Amino acid sequence: MTTPDGGRRLTHVDATGAARMVDVGDKEVTRRVATATGVLRTTAEVCAALRDGTVPKGDALATARIAGIMGAKRTPDLVPLCHPIPLAGVAVELEVGEDEVRVEATARSADRTGVEMEALTAVAVAGLALHDMVKALDPAASMDAVRLERKEGGRSGVWTRPEGR
């Protein structure tokens, strides 16, 4: 959105600077897909326990996957100004590496606004749940690099994260 002088106008504030939810009522309903990723950094011992299923709290990967899906569904309750949208699907994948777990979430919908925040929330909540499950083994584990990788749908079409960013 731009101002008459060509500058960018913030979409989530009104003319007085007060926060508002953007009115998407006139936008076209389109298929929306967004994928986000993040990384839980931990130890080789924790990753071995995740692979072997010997985490003391139970099936950490399954718990994180379900938590991520639940997080996506609750995004408008957690992130102010997000529209509640009907999710057609949410997939959360966890890949255990040598000393990290990569988390990827894809959210899908057909609506007037995108599902980027749902995908990002799914990654963040899955990472938090995973941290909770392994914290007895590694209290220094950390979740980082939560970012949008790709989105499609709506007026802007397809966007993919530029290489190296």
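This passage walks through the overall build of the protein and then one helix pair.

The model is a predicted one. It contains four helices and five strands, and these come along the sequence in the order β-α-α-α-β-β-α-β-β. Put roughly, the C-alpha atoms take up a box of 60 × 30 × 30 Å along the principal axes.

As for what is tucked away and what is on show, 35% of the 165 residues count as buried. The exposed area comes to about 9,500 Å², with carbon and sulfur atoms supplying 53% of it. Contacts reach well along the chain: of those between residues at least 6 apart in sequence, 69% join residues at least 24 apart. On the charge side, there are 22 positive and 24 negative charges, and their mean positions lie 6 Å apart.

Now to the helix pair. Two packed helices are described by the angle between their axes and the distance between the axes. Helix 2, spanning residues 60-73, packs against helix 4, spanning residues 116-134, at an angle of about 145°. The axes of helix 2 and helix 4 are 7 Å apart, and the crossing is right-handed.

Which residues of helix 2 and helix 4 meet? From helix 2 come Ala 60, Leu 61, Thr 63, Ala 64, Ala 67, Gly 68, Gly 71 and Ala 72. Facing them in helix 4 are Glu 118, Thr 121, Ala 122, Val 125, Ala 126, Ala 129, Leu 130 and Met 133. The helix 2 side of this contact thus includes Gly 68 and Gly 71, while the helix 4 side includes Leu 130 and Met 133.

Methods
Residues numbered from 1 in each chain as written. Predicted model: local features only at pLDDT ≥ 70, side-chain atom pairs only at ≥ 80, totals over all residues. Heavy atoms only, no water. Helix = DSSP H or I, 4+ residues; strand = E, 2+ residues; numbered from the N terminus. Buried < 20%, exposed > 50% of the residue type's maximum accessible area, 1.4 Å probe, protein only. Contact = heavy atoms within 4.5 Å. Areas by Shrake-Rupley, 256 points an atom, 1.4 Å probe, with all protein chains shown as cover. Lys, Arg positive; Asp, Glu negative; His and termini not counted. Charge placed at Lys NZ, Arg CZ, Asp CG, Glu CD. Axes fitted to C-alpha atoms, helices over the stretch in contact; angles between N-to-C directions. Left-handed = near helix turned anticlockwise from the far one by under 90°.
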